[in-house]
Amino acid sequence: MALWAIEDMAHAMDAELVYQGEHPPESINDISIDSRSLNAGDAFFAISGVAMDGHRFVIAAEKAGAGVAIVEEAKLDDLKDCTLPLLVVEDTLNALEDLARAARSRTSAKLVAITGSVGKTTTKEMMRHVLSGFGTVHASPASFNNHWGVPLTLARLPQDCDFGVFEIGMNHHGEITPLVDMVQPDVAVITNVAAAHLGAFKDLRDIAKAKAEILTGVAENATAILNRDDAQFEFLRNQAESNGIKTIRSFGRDGNANAYLEKYVANEVGACISGKLSDEPIAVKIGMPGEHIAMNSMAALLVVEALGLDLTPAALRFAELEPEKGRGQRHHLNINGHKVLLIDESYNANPASMRAAISNLATCEPNGMGRRIAILGDMLELGEQSQLHHEALLEPLETARVDLVHLVGDEMKALYSVLSPSKQGQWAASVDEILTNIVKNVSDGDVMMVKASNSLKFAYLVESLRADYGNKN
């Protein structure tokens with residue numbers, strides 16, 4: 001089934017169809033805002049961004065086989081050489097939002113929206129996998145959780161889909177509200193409230209207020225799922241109630257949680273967890289390591305319950321989960337004859353996700369005389385509290401019995417200054433500098449974990465190690 005009929009797209013966006021070459025197709029199969037990712041017959045939205053204007057790539061989209069391009073009327077003079085059929089609108093981002101709303105109004109799928117300081121993408125992927133056992137599932141292939149990513153994901157929602165899972169992020173107040181108003185989820189999940197993007201907020205309560213925006217635009221008879229262990233739980237529960245949400249469910253280590261995580265036992269490939277779900281005992285195998293992953297799985301089970309699905313086959317699907325790139329993937333390396341395990345936690349960092357990654361490192365036992373080594377980079381956007389949050393990583397590092405800590409970036413100087421001399425590895429200004437030191441100073445059996453904010457390019461560090469020393473065991 002085609003994704004959109006051209007006529008329906010034009011109506012939803014109040015667009016004028018203009019063409020001077022071949023007759024436009026009757027329908028399109030998919031939507032893209034990146035000409036490099038287009039397949040033949042797709043629609044290309046020329047989004048005018050701050051850094052890049054998509055209208056510059058309309059000709060590239062035509063060469064890639066796009067079926068139609070959505071462009072702004074003010075840019076038509078720049079497209080005189082284009083023979084691609086055009087849907088002309090006043091503002092392409094607004095048009096994408098209009099199409100997203102039309103997608104929501106035509107679907108009968110059950111939709112889930114997820115926000116939180118940590119765990120959004122992982123929980124989204126959990127839900128994609130678990131719900132695929134009950135029908136067709138639509139979710140973004142990446143972290144499309146911002147002002148263009150959410151409407152793009154929603155506009156791509158097939159009309160005959162059974163479930164949709166949406167990740168919604170924010171850096172400031174007011175960002176979630178218009179996005180959740182588009183999605184109108186049947187289930188809204190807040191994984192947690194932690195010190196992420198703290199530079200833009202006064203404190204954790206201020207962050208909680210922004211996260212609580214996801215509770216404002218839900219569908220009728222929606223369910224809210226909240227973290228009972230979170231210090232902001234009561235505030236969020238009150239926010240849900242004030243928005244008319246009658247069904248509020250919770251997960252956590254708290255014995256009063258509807259999904260109660262009682263026991264967590266890590267193993268080489270993941271973990272086994274047990275507890276209670278709505279007062280019934282549960283036991284689940286998870287194919288991903290980390291207690292934070294186990295906690296997200298409890299939230300996911302509550303989503304399954306809220307959608308009225310069978311929990312038994314859903315629980316079995318958790319064993320099939322695998323860590324994503326940058327979120328706990330494990331790689332075996334052979335560095336100059338030394339067998340080393342690399343844990344890739346390189347996708348971004350804030351105090352909560354950093355602690356979770358360090359906790360994950362604690363569950364890995366080095367072989368022989370090997371060591372636990374943490375390679376950490378700056379956590380950004382923490383404002384005036386940055387030094388405090390970097391220094392505070394000392395406690396989880398000591399609890400995890402980490403033997404050696406290498407650090408990258410100016411903010412990490414604060415942590416370096418409080419480490420005991422025996423744990424101090426190298427401080428470096430860049431990934432390239434630390435990479436050389438890592439390679440020179442590994443021992444057989446070491447377990448290394450890497451984590452930093454994205455701009456420090458720790459993904460490059462992982463890829464370099466894998467390229468030079470992977471698959472040589």
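Is D14 buried or exposed? In this predicted model, D14 has a relative accessibility of 71% and therefore counts as exposed, the threshold for that class being over 50%. The residue is placed in the loop that runs between α1 (6-13) and β2 (16-18), and its phi is near 55°, a positive value in a residue other than glycine. Most residues other than glycine have a negative phi. A positive phi, of about 65°, is also found at N221, which is not a glycine either. N221 lies in the loop between α7 and β12 (223-227), and because its relative accessibility is 70%, N221 counts as exposed.

The nonpolar interior was examined next. The largest nonpolar core comprises 58 residues, and those with the most contacts inside it are M9, M13, I31 and F45. Helix α3 (residues 92-106) supplies the largest share of this core, namely seven residues. For M13, once its neighbours within four places in sequence are left aside, the contacts are F45, I70, L87, V89, A95, D98 and L99; the list thus includes F45, another of the residues with the most contacts inside the core. Apart from this core lies another one, of 38 residues, which has F163, M295, V303 and A314 among its members. In soluble globular proteins, nonpolar side chains tend to be buried together.

A charged residue in a buried setting is provided by K211, which lies in helix α7 (residues 204-211). K211 is buried yet has no salt bridge, and the nearest side chain of opposite charge, that of E175, is 8.5 Å away; because a salt bridge requires a separation within 4 Å, E175 does not qualify as a partner. Not counting residues up to four places away in sequence, K211 touches T115, G116, S117, M170, I176, I190 and V193.

Two further side chains were found to reach backbone atoms. N334, in strand β17 (residues 329-335), has a relative accessibility of 16% and so counts as buried, since the limit for that class is under 20%. The side chain of N334 reaches the backbone nitrogen of G337 at 3.0 Å. W427, which is found in strand β21 (residues 424-428), counts as partly exposed because its relative accessibility is 24%. In the case of W427, the side chain reaches the backbone oxygen of G409 at 2.7 Å. With residues up to four places away in sequence not counted, W427 touches L407, V408, G409, D410, M412, K413, Y416 and E433. One of these residues, D410, is 17 residues from W427 in sequence, and the two are 9.1 Å apart in space, C-alpha to C-alpha.

The cysteines were considered last. A search of the whole structure finds zero disulfides. C272 is accordingly in no disulfide, and the nearest cysteine sulfur, that of C364, is 15 Å away; because a disulfide is defined by sulfur atoms within 2.5 Å, this pair does not meet the criterion. At 32% relative accessibility, C272 counts as partly exposed, whereas C161, at 5%, counts as buried.

Methods
Residues numbered from 1 in each chain as written. Predicted model: local features only at pLDDT ≥ 70, side-chain atom pairs only at ≥ 80, totals over all residues. Heavy atoms only, no water. Helix = DSSP H or I, 4+ residues; strand = E, 2+ residues; numbered from the N terminus. Buried < 20%, exposed > 50% of the residue type's maximum accessible area, 1.4 Å probe, protein only. Polar contact = N/O pair within 3.5 Å; in protein donor to acceptor, adjacent residues only side chain to side chain. Lys, Arg positive; Asp, Glu negative; His and termini not counted. Contact = heavy atoms within 4.5 Å. Core = buried A, V, L, I, M, F, W, Y, C linked by side-chain atoms within 4.5 Å.
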